[in-house]
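The following report describes a model from its confidence scores to individual residues. The sequence and structure are shown first.

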Amino acid sequence: MYKTKIRGPLILGGKTLRNISEDVIAPIYQKAPLWWWIMLGLSLLMSAFGLWAMYVTISTGIGTWGVNNSVGWGWAIINFVWWIGIGHAGTAFSIFLLVLRQKWRTSINRAAEAMTVFAVGAAALFPALHMGRIWLAFYIIPYPNTRGPLWVNFNSPLFWDFAAISAYLLISVSFWYFGMLPDFATIRDRATSKIKKSVYGILAFGWKGSIRDWKNYESLAFILGGIAAVLVVSVHSIVATDFAVSVIPGWHTTIFPPYFVVGAIFSGFAMVLTLMILIRKLYNFENYVTDSHLNAIAKILIFISLIMGTGYATEVFIAWYSGNEFEMFTFFHNRITGEYTFMFWAMVVCNALVPQLFWSKKIRSNLTALFIISIIINIGMWYERFNIVVTSLANDYLPANWVNYEPTLVEVGIYVGTLGIFILGILLFMKFVPMMAISELKGILKFNKEQKH
Amino acid sequence: MTNKYIIGVFDDEETLLDAVRKVKEKDIDIRDVYTPYPSETLLEILKIKSYFTYYAFLYGFGGALALLAFMYYAAVIDWPMNFGGKPSEAFPSFIIVTIVLTIFLITVLSLFTFSVRTDIYPGRKAIMPDPRSTDDKFVMVVAKDQIRNMEEEYHQMLKDSGASEVYEKEMELKIKP
């Protein structure tokens, strides 16, 4: 079993097993604070805006978007890749650290997994809406049918994407939910009100916590963890091949799969940092989400940011080194300079340069700085996707086809809507679900004691 | 069918482990132990093994073969399509779907296996000796007929090992090996 004296105590404040149950369950028992209601109202408004935009898209068609013959993929795909990227870190965080037996994941994994579930749900909306005729979405499922008999094309990355996202959604939801069973049981057994007892009783599935149950529970966690680790890498590689198998300048490169996977983990870790700072601050969880936790995430972000910077530099170098004039044009006249210059440099500054501030311990231990930089990274990652999707399509091989792309209100509405749905999900998670894995926190308490000696 | 059990309640893992070792030394069969979190040491002492990972491997192996066979049937035998003259038997491009959907199958089947083995389903009523074991207590259960003629000695042994409470309870415990 993994033990270290390097990381220091993972839970502060001399907590007992009972304290942990009480602290983590407390927000479920307390009345929701004012900020929660304000944010709930805001997220509902945003979701309503999104639902209106989705209704317009479905009832009128893709013509309500700003996409055209050249830029066939606009905000929908940018946002799809952005959300999938954010969704990646939850599983990456939780599962990679589980497989590596890193005990410091315990305070953070639950929130990271919740983030994954809501982000992947938001992401899945975009390709569905982009189909135009969403009511025919079932055509993509391979089953014997009366339309041919026509099967789906198993060689298409778009089908791989469908299969990968379905699997990813299933595994993230089940990993999250089954991980919560012991905690729901704790709430059930501590509840004094009848309603809470029966609601959490149903949610707990009759969990008993016998030693045989725990053995199976741990086996399940490692099985799902092991196979989901493969999925984390494959899902975003597949999203990357959606681009890389085409012959569009700026897309047709072999660096895309690893570049996308790293970018996804980068944006997701940044979102985990944003979320954990909020949870720590709003619910006074300083003893569980310690400075050491935030410090560790910031250090990982520096490392990934360096890989991102190397990725950007490699793309530009290969464009020059290949001598391909279309690649040269895309990178040197359409990204580094040209109409979309701002997007390119925003991406470089936000993702490759700003996170380098984390080399300073002072900044790593300043909550406000951590929070602002984590938001900047997420904005930067959005610009990265804009760069990839729009610049390559707007100005490709034939100047006669060159167009500008601007999103319409409907496209903006769908994006705002998904943000609303995501925030709504997180708010409900904060209020009704234990934000940290209670049983896992209890399990690491003994390592705290050992470190004191 | 209900049985009588002796329930020992402990306040921390170390005390429980000491007691479990002592009870094992006396060759008394421990029906079950309930803890707020998984204890590796306890699993080692009780020699509890699980073949769950082997099942998962079989699900994956069988699932992968079935998926490859299905794709071969659909894309090569049943309805071959011509995409720019590429061969319909495009084995390398079947691999990705196979990996991803194998993961899908392993997940579904593992969740089902887990639910059956731990006897859980939505709305299931939890049958456990002491509900405090999901909070901060560690509970050891021994069937009363196991300690016939030595009940008092057993009670004293638990107390000496640091049990905070020892009591008798009649209940139905379903335990899967």
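## Helix α6 of chain A

On one side of α6(A), A:K194 and A:I195 are exposed, where exposed denotes 12 or fewer other C-beta atoms within 10 Å of a residue's own, buried 20 or more, and partly exposed the range in between, with C-beta atoms placed from the backbone. Helices (H or I, at least four residues) and strands (E, at least two) are DSSP runs numbered from the N terminus. The helix spans residues 194-203 of chain A, and A:Y200, A:G201 and A:L203 are buried in it. These buried residues share the same side of α6(A), because they cover an arc of only 160° around the axis; the arc is that of the directions from the helix axis to the C-beta atoms. An α-helix has 3.6 residues a turn, so residues three or four places apart point the same way. The cover over the buried residues of α6(A) includes α5 (157-190) of chain A. After α6(A) comes A:F205, with a positive phi near 60°.

## Provenance and confidence

This is a predicted model, in which local features need pLDDT of at least 70 and side-chain atom pairs count only at pLDDT 80 or more, while totals for chains, interfaces and linings use all residues. Residues are numbered from 1 along each chain as its sequence is written, and chains are lettered from A and ligands numbered from 1 in the order in which they are written. The model scores ipTM 0.90 and pTM 0.88. pLDDT is the predictor's confidence in each residue, from 0 to 100. Chain A averages a pLDDT of 87, and 96% of its residues score at least 70. For chain B the average is 84, with 98% of the residues at 70 or above. Within chain A, confidence is lowest in helix α15 (residues 438-452), at a mean of 72, and highest in helix α2 (residues 34-60), at 95. Where pLDDT is low, the predicted coordinates should not be read in detail.

## The contact between the chains

Chain B contributes 56 residues to the contact and chain A contributes 57 residues. On the side of chain B that touches chain A, β2 (30-34), α2 (40-46), α3 (52-78) and α4 (91-117) of chain B each supply at least two residues. The largest share of that side, 15 residues, comes from α4(B). The residues on that side of chain B divide into 36 nonpolar, 10 polar and 10 charged; Ala, Val, Leu, Ile, Met, Phe, Trp, Tyr, Cys and Pro count as nonpolar, Asp, Glu, Lys and Arg as charged, and the others, Gly among them, as polar.

## Domains and the nonpolar core

Chain B is divided into domain 1 (3-43 + 126-171) and domain 2 (52-117), with bounds from an automatic or database domain assignment. The C-alpha centres of these two domains of chain B lie 46 Å apart.

A nonpolar core is a set of buried Ala, Val, Leu, Ile, Met, Phe, Trp, Tyr and Cys residues joined through C-beta atoms within 7 Å. The largest has 171 residues, and those with the most contacts inside it are A:M115, A:A167, A:F269, A:V272 and B:V100. Helix α7 (residues 211-244) of chain A gives the most to this core, with 17 residues. The core also draws at least three residues from each of domain 1 and domain 2 of chain B. Leaving aside neighbours within four places in sequence, A:V272 is in contact with A:A89, A:F93, A:I108, A:A112, A:M115 and A:I297; two residues are in contact if their C-beta atoms, placed from the backbone, lie within 7 Å.

## Individual residues

B:V141 lies in strand β3 (residues 138-143) of chain B. B:V141 counts as buried because it has 22 C-beta neighbours inside 10 Å. Beyond four places in sequence, its contacts include B:Y5, B:I7, B:P129 and B:L173. B:R31 is 110 residues away along the chain, yet its C-alpha atom is separated from that of B:V141 by 5.5 Å.

Three loop residues are set out below.

| Residue | Loop | C-beta atoms within 10 Å |
|---|---|---|
| A:N284 | between α8 (256-282) and α9 (291-322) of chain A | 12 other, exposed |
| B:D119 | between α4 and β3 of chain B | 19 other, partly exposed |
| A:I140 | between α4 (109-130) and α5 of chain A | 18 other, partly exposed |

A:N284 has a positive phi of about 50° although it is not a glycine. B:D119, also a residue other than glycine, has a positive phi near 55°. A:I140 touches A:V152, A:F159 and A:F162, not counting residues up to four places away in sequence.
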